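Me: Please take a close look at one part of the structure shown below, and work outwards from there to whatever packs around it. I would like one connected account rather than a list.

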Amino acid sequence: MKNVIFDFGNVLVQWHPEKVYAEHFGDEARAWWFLRHVCDAAWRNRIDAGESTAACIEELKAQQPEYAEAIELYRSRWREMLTDEVPGMREVINDLRNRGHEIYGLTNWSMETFPAARERFGILQMIDRYVVSGAEGLVKPDARLFRVLLDRYHLQAEECVFVDDNPDNVAAANALGMEGIVFTGADSLRKYLGI
């Protein structure tokens with residue numbers, strides 16, 4: 001392995017919208033239902049692919065007015081959904097660098113919020129070669145987004161390890177010839193990488 005490519009959300013930075021929604025609804029199960037059926041993955045992917053957050057929110061509020069207040073939280077309380085750095089990952093990046101590995105990032109993230117998140121979390125500033133979905137109009141697991149990263153930084157897929165918490169994204173990386181790893185924590189990643 002020459003290059004290690006990290007996803008950002010829930011690999012380097014903890015993203016937990018369910019905590020905000022559990023507080024709002026007073027019920028964790030209802031929060032998860034809301035994130036699966038109202039502000040669902042397909043809707044969030046539109047924002048991560050570069051669509052206006054405000055426009056997506058207003059459209060969804062018009063479609064499901066009974067959830068208008070909860071839908072609005074996705075914009076007004078997004079900072080609270082990012083809670084902290086993932087424990088141990090700052091050290092993993094440093095150890096990989098010290099062993100001569102090149103570090104990259106590939107994330108599904110809106111460009112409306114990514115700059116503020118990068119400023120807030122030092123671990124994101126440790127990676128200066130990355131691709132953000134919102135800037136490209138593509139989201140993982142679309143192979144075209146992976147190819148943007150490979151082409152931009154002149155990487156060979158077979159020389160890359162890709163780390164993501166989403167198995168679908170890992171499968172897409174594997175299909176391109178990378179070695180994909182489903183992230184479950186810093187300790188297990190260390191064991192897998194042998195560092």
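**Strand 1 and its surroundings**

Reply: The bridge partner of Ile 5 in strand 4 is Tyr 104, and this pair is a convenient place to enter the model, which is a predicted one. Ile 5 belongs to strand 1, residues 3–6, where Asn 3 and Ile 5 point one way while Val 4 and Phe 6 point the other, and all of these residues are buried. On the side of Tyr 104, strand 1 pairs with strand 4 (residues 102–107) in the parallel sense, over four bridges. Strand 1 also runs parallel to strand 6 (residues 160–164), to which four bridges join it. Along that second pairing, Val 4 stands opposite Val 161, and Phe 6 stands opposite Val 163.

These pairings belong to an open sheet of five strands in the order 5-4-1-6-7, with parallel pairing. Its edges are strand 5 (130–132) and strand 7 (179–182), each of which pairs on one side only. From one strand to the next, the twist averages 20 degrees.

Helices pack on this sheet as well. Helix 7 touches strand 1 and strand 4, and its direction makes about 160 degrees with that of strand 1. Helix 13 also packs on the sheet, touching strand 1, strand 6 and strand 7, and its direction makes about 150 degrees with that of strand 7. Strand 1 is thus touched by helix 7 and by helix 13.

The two helices can also be described relative to each other. The axes of helix 7 (residues 89–98) and helix 13 (residues 186–193) come within 9 Å and cross at roughly 20 degrees; angles under 35 degrees count as roughly parallel, and the two helices are therefore roughly parallel to each other. Their crossing is right-handed. Helix 7 brings Met 89, Glu 91, Val 92, Asp 95 and Leu 96 to the contact, and helix 13 brings Ala 186, Leu 189, Arg 190 and Leu 193. Sorted by character, the residues of this contact of helix 7 with helix 13 comprise six nonpolar and three charged ones, with no polar residue.

Returning to strand 1 and following the chain onwards, one reaches the loop between strand 1 and strand 2 (13–15), in which Asn 10 is placed. The phi of Asn 10 is near 65 degrees, a positive value in a residue other than glycine. Most residues other than glycine have a negative phi, and most peptide bonds are trans. Asn 10 counts as partly exposed because its relative accessibility is 22%, whereas the residues of strand 1 named above are buried.

A similar backbone feature lies on the way into strand 6, the partner of strand 1 already described: His 154 is found in the loop between helix 11 and strand 6. His 154 is not a glycine, yet its phi is positive, at about 55 degrees. With a relative accessible area of 69%, His 154 is exposed.

One further backbone detail concerns the loop between helix 10 (133–136) and helix 11 (143–152), which is where Pro 141 is placed. The peptide bond that joins Lys 140 and Pro 141 is cis, with omega at about 10 degrees.

Note on methods
Residues numbered from 1 in each chain as written. Predicted model: local features only at pLDDT ≥ 70, side-chain atom pairs only at ≥ 80, totals over all residues. Heavy atoms only, no water. Buried < 20%, exposed > 50% of the residue type's maximum accessible area, 1.4 Å probe, protein only. Pairing = 2+ DSSP bridges. Axes fitted to C-alpha atoms, helices over the stretch in contact; angles between N-to-C directions. Parallel < 35°, antiparallel > 145°, perpendicular 65-115°, else oblique. Left-handed = near helix turned anticlockwise from the far one by under 90°. Contact = heavy atoms within 4.5 Å. Nonpolar A, V, L, I, M, F, W, Y, C, P; charged D, E, K, R; others polar.
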